[in-house]
Amino acid sequence: MRTYIARRILLFVPVLIGISMLIFIFMRVVPGDVAVTILAGPDGGGTIDPVKLEQLREKLGLRDPLVVQYGRWVWDLVRLQPGNSLVSGAPVMGEIRLRLPVTLELAILSMIISLSIAVPLGILMAMRQDTPVDYIARMLSIGGLAMPTFWSASLMILFLSLWFNWLPPLGYHSFFSSPIANLKQMIWPALSLGYLMAAVVSRMIRTSLLEVFRQDYVRTATAKGLSHRLVVTRHALKNALIPVVTVLGVQIAALASGSVIMESIFSLPGLGRSLVTAIQYRDYPMVQTLVVVFAFFVVISNLVVDVAYAWFDPRVHYK
Amino acid sequence: MFHRRAERICLAIIGGAILLLPACGGGAQPTPTSAPPSPTATKAAAPTATLAPRPANTATAAASTPTPVPTQKPATPTAAASTPTAAAAGKYGGVLSMAMNVDPEHFDMHLASGVSVSMLFKQTYNGLVQYDDKTYNQVLPELAEKWEVSGDGLVYTFHLRQGVKWEDGKPLTASDAAFSINRMAHPPAGLSSPRGGAVLTAVTKAEAPDPSTLIVTLKNRSASFLENLASDWVVVEPQHVLEAKGDMKTTVMGTGPFTMTNFTRGSQYVFKKKTDYFVAGRPYLDGISVFIIPDAGARIAALRTGQTKMSALGSASVVDTKDREQLKKDMGDKLVIAAHSAFSAEYVYVNTRKAPWSDPRIAKAISLALDRRAIIALSGQDGVVAGYMDPLTPWALPLTETQNLPGFRADKAADLAEAKRLMAETKLGTINVTVPYSNVFEHTAIAAKSQLAQIGLNITLALQPTPAEVSKVLGERKFDIVTYASSQPTGDPDMIIGTAFSAKGTRNYTGFQDAEVERLMGLQTIELDQAKRKAITNQVERRLIEVSPSTIPVFWRVFDRLYSSDIRGFTQGPGMFLGEKFDNVWLAQ
């Protein structure tokens, strides 16, 4: 097992290199020029003097051969100093240090909420299959799948302000400095995202539990005289959770895109939003570094998921 | 069959979760009908916009807005204005909370053009002169106490106020002012300042013969120079910091009434009042908190709940008409809506340097065929159909005249027939053309496609990846037709008409040239008598109407500033870059 984990960690390197090359090429191929955006301003209102444009391109190092630019960026990244934003002049690392905790906290809270809704709901749906409880729960979960997160988030803000004349506090409060204010801000986006994820996960749990219930060993366990609680928790649940863990792994990647929308609507200074702004500006160092950061987390979480398989299912052996 | 207890436990967890979560969401006050505190006591001081009411697009004689003649602007200030201790009319204290939709791209006022930069850092810097922030029709001293103009109008000598200090304690000298003006008018290599091509085009150089005298030399006499200097954008930045760091993109240090104490990109920018500001007794506010709220619905909700008292200018304040009406209903007297011009219009640019567009009949036909009112309706925003000058400025022709012109009037039948006739005369048949546009102004492009199809233009729309790309396309001057908008920092004829219609104007993308317009513009730019200048500007506008140039105005944009009635001492000015310094603003509670 340990060798397996070590090998997987070594595999990080080619994966991240591949992604870094992909995003570098992609950003250079996409039309739109960061020098133009810097000169014309974000609203595009400025006039552009071709001479100044060339001077700016030179200064930003955009006239160097692509290989040189790529090499420079990767070398900076390895030393954990990925340069400065082309637009604001502020260091990219500083941005990441500030914004990463926000996105991470949103992701963790969403997962906690989603699991705490999905697991009991899924078990309930499976145990009370085809009863009114099951139908209602399934309707709730389809609702979660059907509602776009930006819609439910905007509705949330609208109703909070209209009915309760209340809004989450403005200006981000970090969890460590003022936990109550922080939770007041984070609970709503986490609820939106968590509801969506819970919809997916609860249906997954239901389906796989139902399948497990049909297995012979569950019938044996029941016949043995075990209480139903023990049958579910000791025998059925662990096996049912295997496909669910797969889905969770995929959901973590989806959290990245979900966080962009939530951060925009609830005004949270997270990585997702700064990535979108950087893309609009074609701020190359920022976009490239942020994509690599996201990729890194996705790769790590997939490793955790794969290792979790081995814990859930003793039949799985990694060499 | 299955264990009921497990099921009950699951139900309890879910039920508990659903019930508990809103509770940890924070205190809710379910009294939406609670009446606001009685406004009668404070009504007397409620702000009123000094601009004419929002003009309608149907200019019957009754609805036309009076076009006031600009009052004589003094070239030298009266003695009373030189001592800056204004009478204290406001209450001290309170923090003004404001919402903005995007972060400033950086902090250097000389190099930026986005309104998010000026809204923030106008609070921390001063210019040489400023607009009167109540009436917006005179230029008052700021860092310069008094000034003289040479007989030929080419040399301005400013005498700077003594005793002004930077935040680090060093004194402000004329050398700082000269350095700033030169930096903006003629930026060093590698830097680019939008001021050079706009408000400071006339400047040759600025010098500081001694620490309290600044001498600015102009290329030509300019009636608009002092007003351009009063623009929010023209500020003095510290020379010693600029020389040490190269730019002030990440540093803020000014002489203004507020200082930025901390900021979190993407979240908020916090300003605190300076206790030793050179205007005694100012500012009234203890501080300003600016929150970055990207979502329009969230900004409206913040206004409604009172978490923010105003939104920043520009896109942060763009509110759908339905939302505005709802907000008016919900907030009643607590909301002030001030309509103001943005010195901005949407245009269709026809490049006369390329065949077949050099034929003036095509541009004329396009102007006749465009249904401007339909475009405004499509945009969902406020707009005014008018001529070639911003109708909310004193320089424009009256709406009764411009709104009934061919092409601009409501009845399109005769105009469309005339447009078709002109196109038939050119014998060009159906012309295929690609039109680049930006998604921000897509309504004009989309409407133009169907409207101009009627006169034989087969348009293929080309969406550009960013709005800045359209600027680049215009700048290269190789396009056929482009739809875009143009906004100016001031409402001066030099800005709005000069940059677009003079042969050497920086925004003359279409190559339009007319000898009569050149002659008249040359006359108005040096005419210091305001009434005479307005008459000449009207002549220019009439001449433009006559020749129907290749830069075709579609409509003039009107913005609404929404803010709480708790804000006093604030009068919304025209445009987005005038008078946004909050040193005279106070909060009623």
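**Notebook: chains A and B**

I began with where the two chains meet: 64 residues of chain B are in contact with 64 residues of chain A. Note to self: this is a predicted model.

Next I wanted a size for that meeting place. The size of an interface is often given as the accessible area lost when the parts come together. Here chain B and chain A bury about 5400 Å² between them, and 62% of that is on carbon and sulfur atoms.

How many salt bridges are there between chain B and chain A? I got a count of 1. The partners are E95(A) and R265(B), with their closest N and O atoms 3.9 Å apart. That counts as a salt bridge because the cut-off is 4 Å. I also looked up polar contacts between chain B and chain A and found 6 residue pairs, both residues at pLDDT 80 or more.

Then I checked which parts of chain B do the touching. Helix 1 (4-24), strand 10 (287-292), helix 7 (296-305) and helix 14 (467-476) of chain B each supply at least two residues to the side that touches chain A. Helix 1 of chain B gives the most, with 10 residues. Sorted by class, this side of chain B has 29 nonpolar, 22 polar and 13 charged residues.

**One arginine**

I picked R304(B), which sits in helix 7 of chain B. Is R304(B) buried or exposed? It counts as buried, because its relative accessibility is 13% and the limit for buried is under 20%. Leaving aside neighbours within four places in sequence, R304(B) is in contact with L158(A), S161(A), L162(A) and N165(A) from chain A, plus Q326(B), L327(B), D330(B) and M331(B) from chain B.

**Strands in chain B**

Strand 7 (residues 213-218) of chain B is mostly covered, with 5 of its 6 residues buried. Which strands pair with strand 7 of chain B? I noted strand 5 (residues 155-160), antiparallel over 5 bridges, and strand 6 (residues 203-210), antiparallel over 5 bridges. On the strand 5 side, T157(B) stands opposite I215(B). On the strand 6 side, V203(B) stands opposite L218(B). A hairpin through 2 residues joins strand 6 to strand 7 of chain B.

I looked at strand 14 (residues 431-437) of chain B too, where 5 of the 7 residues are buried. Strand 14 runs parallel to strand 15 (residues 457-463) of chain B, and 7 bridges join them. V435(B) in this pairing stands opposite L461(B).

**Salt bridges**

Over all chains I get 37 salt bridges. One of them joins R57(A) and D33(A), at 2.3 Å from N to O. This pair links distant parts of the chain: R57(A) is in helix 3 (residues 50-59) of chain A, D33(A) is in the loop between helix 1 (2-29) and helix 2 (34-40), and they are 24 residues apart. R57(A) is buried at 14% relative accessible area, and D33(A) is buried at 12%.

D133(B) and K134(B) also meet in a salt bridge, at 3.4 Å. D133(B) counts as buried at 15%, whereas K134(B) is partly exposed at 35%.

Another one is E546(B) with R543(B), at 3.1 Å. They are separated by about one helical turn because they lie 3 residues apart in helix 17 (residues 530-547) of chain B. E546(B) is exposed at 52%, while R543(B) is partly exposed at 21%.

Last entry: R324(B), E325(B), K328(B), D382(B) and D560(B) are linked in a network of salt bridges.

Definitions and conventions
Residues numbered from 1 in each chain as written. Chains lettered and ligands numbered in written order. Predicted model: local features only at pLDDT ≥ 70, side-chain atom pairs only at ≥ 80, totals over all residues. Heavy atoms only, no water. Contact = heavy atoms within 4.5 Å. Buried area = accessible area lost by both parts, 1.4 Å probe. Salt bridge = Lys/Arg side-chain N within 4 Å of Asp/Glu carboxyl O. Polar contact = N/O pair within 3.5 Å; in protein donor to acceptor, adjacent residues only side chain to side chain. Helix = DSSP H or I, 4+ residues; strand = E, 2+ residues; numbered from the N terminus. Nonpolar A, V, L, I, M, F, W, Y, C, P; charged D, E, K, R; others polar. Buried < 20%, exposed > 50% of the residue type's maximum accessible area, 1.4 Å probe, protein only. Pairing = 2+ DSSP bridges.
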